[in-house]
Amino acid sequence: MDIREWFSARHFESIDAKHYRTAIIALAGVIILMTLIGIIAFSLTLKGEEQTLVPDVTGLELTSALLKMQEKDLYPRISMRISDTAESRGTILEQDPPAGAIVKAGRRITLVISRGSVLDKVGDYIGQNLDEVIIHLQTVFGSARQLILIKDPVVYVYDKSPAGTIMEQSPGAETPITGLMQLSLVVSRGPEKAKVKVPNMIGMTIEGVVEQLEKSGIAFKFSIRQAEGKEKPGTVVAQLPSAATLESPANPVAIVYTVPVSQKGMVSGLFSQVLPVYPYPLKVSLLAEAPSGAKTPIITVNHPGTLFTIPYTLPVDTVLVLQVLNRVVARVEAGK
């Protein structure tokens with residue numbers, strides 16, 4: 001290699017090394033610049049959006065509430081709920097976070113919007129049964145506040161329509177529900193019953209007395225005592241009013257019954273239960289429930305309420321079950 005060839009090789013090596021160093025420096029500069037940009041962007045991210053004050057939108061209609069939130073650069077998360085009044089339909093019931101809270105712009109605010117009341121007008125209940133209307137109102141409102149309450153006391157009158165039938169109501173049907181309302185009702189007692197002839201029960205066992213009471217439909221009130229003199233145990237020895245007297249079915253006949261002769265494995269007594277005073281006689285049943293669960297009817301009558309009494313002689317461990325309209329109101333172990 002002559003001197004020119006050697007010089008040229010050394011020259012290009014020097015140029016390549018120089019370009020390499022420049023490229024390394026430039027690459028390092030780019031990396032440093034990108035790192036700085038990333039740090040700045042991260043800092044801006046940590047700083048977050050501009051903070052804003054949550055406005056009070058409760059009680060406002062949804063459109064107005066959304067406009068107020070938009071002014072604060074906030075966004076809604078909406079849910080619906082039944083409220084106590086029909087007029088509140090479409091308004092904001094609750095908000096979270098509450099008014100006055102400081103949050104970042106762009107935050108979602110939970111808004112609970114009223115669906116209004118389940119019912120917005122009073123129904124037409126004339127001709128319907130009172131008990132069915134009460135159950136209907138409880139079912140319709142469910143867990144929400146019940147806005148229609150039956151005013152107490154209900155007015156009862158004798159009428160040819162079946163007992164329990166609603167004859168008049170105030171306020172009338174289609175009246176708007178603006179809040180808690182009391183519904184005044186006039187309800188039928190059923191036709192006024194004619195007086196009935198009191199049957200003769202003197203000397204009868206309890207089985208015979210029960211048959212007469214179920215047949216005549218007259219009210220009754222029992223008392224029991226030990227037999228005296230020539231009186232026969234386990235029979236009726238006195239009644240008031242006396243047989244063949246004309247009485248209102250609601251006026252109870254007082255019946256005196258003597259305690260039966262004691263039998264092994266059996267227990268005698270007087271079942272007694274205080275009931276509410278019913279506006280008209282309701283179906284009342286007394287059943288004897290054996291330890292096996294089997295039930296035997298003792299008596300089923302239409303009873304006006306107040307005191308319900310009936311003598312019994314039953315096997316030990318029997319449970320007496322009293323039902324009104326097929327709903328159990330008392331359970332008592334025989335002899336207790």
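Leaving aside its neighbours within four places in sequence, which residues is Gln-239 in contact with? The legends below, drawn from a predicted model, begin with that residue.

**View 1. The surroundings of Gln-239 in strand β12.** Gln-239 is found in strand β12, which covers residues 236–240, and, once neighbours within four places in sequence are set aside, this residue is in contact with Val-198, Pro-199, Asn-200, Met-201 and Ile-202, as well as with Val-253, Ala-254 and Ile-255. Gln-239 counts as buried because its relative accessibility is 12%, which falls under the limit of 20% used for that term.

**View 2. Polar contacts made by the side chain of Gln-239.** Pro-199, one of the residues in contact with Gln-239, offers its backbone oxygen, which the side chain of Gln-239 reaches at 3.0 Å. A polar atom of the Gln-239 side chain also lies 3.4 Å from the backbone oxygen of Pro-241.

**View 3. The hairpin of strands β17 and β18.** Strand β17, made of residues 319–324, pairs in the antiparallel sense with strand β18, made of residues 327–333, and the pairing extends over 6 bridges. Within this pairing, Gln-323 has Val-328 in β18 as its bridge partner. The hairpin leaves 2 residues between the strands, and Leu-325, which lies in the turn, has a positive phi of about 55 degrees.

**View 4. The salt bridge between Glu-174 and Lys-121.** The structure holds 4 salt bridges, and in this view the side chains of Glu-174 and Lys-121 meet in a salt bridge with an N to O distance of 3.7 Å. Glu-174 lies in the loop between β8 (166–170) and β9 (181–190), whereas Lys-121 lies in the loop between β5 (108–116) and α3 (130–141), so the pair ties together parts that are 53 residues apart in sequence. Glu-174 counts as exposed, at 53% relative accessibility, while Lys-121 is partly exposed, with a relative accessible area of 41%.

**View 5. A network of salt bridges at Arg-225, Glu-228 and Glu-231.** The side chain of Arg-225 meets that of Glu-228 in a salt bridge at 3.7 Å, N to O, and the side chain of Arg-225 also meets that of Glu-231 in a salt bridge at 2.8 Å, N to O. Through these salt bridges, Arg-225, Glu-228 and Glu-231 are linked in a network. Arg-225 is partly exposed, with a relative accessible area of 28%, and Glu-231 likewise counts as partly exposed, at 25% relative accessibility.

Terms used:
Residues numbered from 1 in each chain as written. Predicted model: local features only at pLDDT ≥ 70, side-chain atom pairs only at ≥ 80, totals over all residues. Heavy atoms only, no water. Helix = DSSP H or I, 4+ residues; strand = E, 2+ residues; numbered from the N terminus. Buried < 20%, exposed > 50% of the residue type's maximum accessible area, 1.4 Å probe, protein only. Polar contact = N/O pair within 3.5 Å; in protein donor to acceptor, adjacent residues only side chain to side chain. Contact = heavy atoms within 4.5 Å. Pairing = 2+ DSSP bridges.
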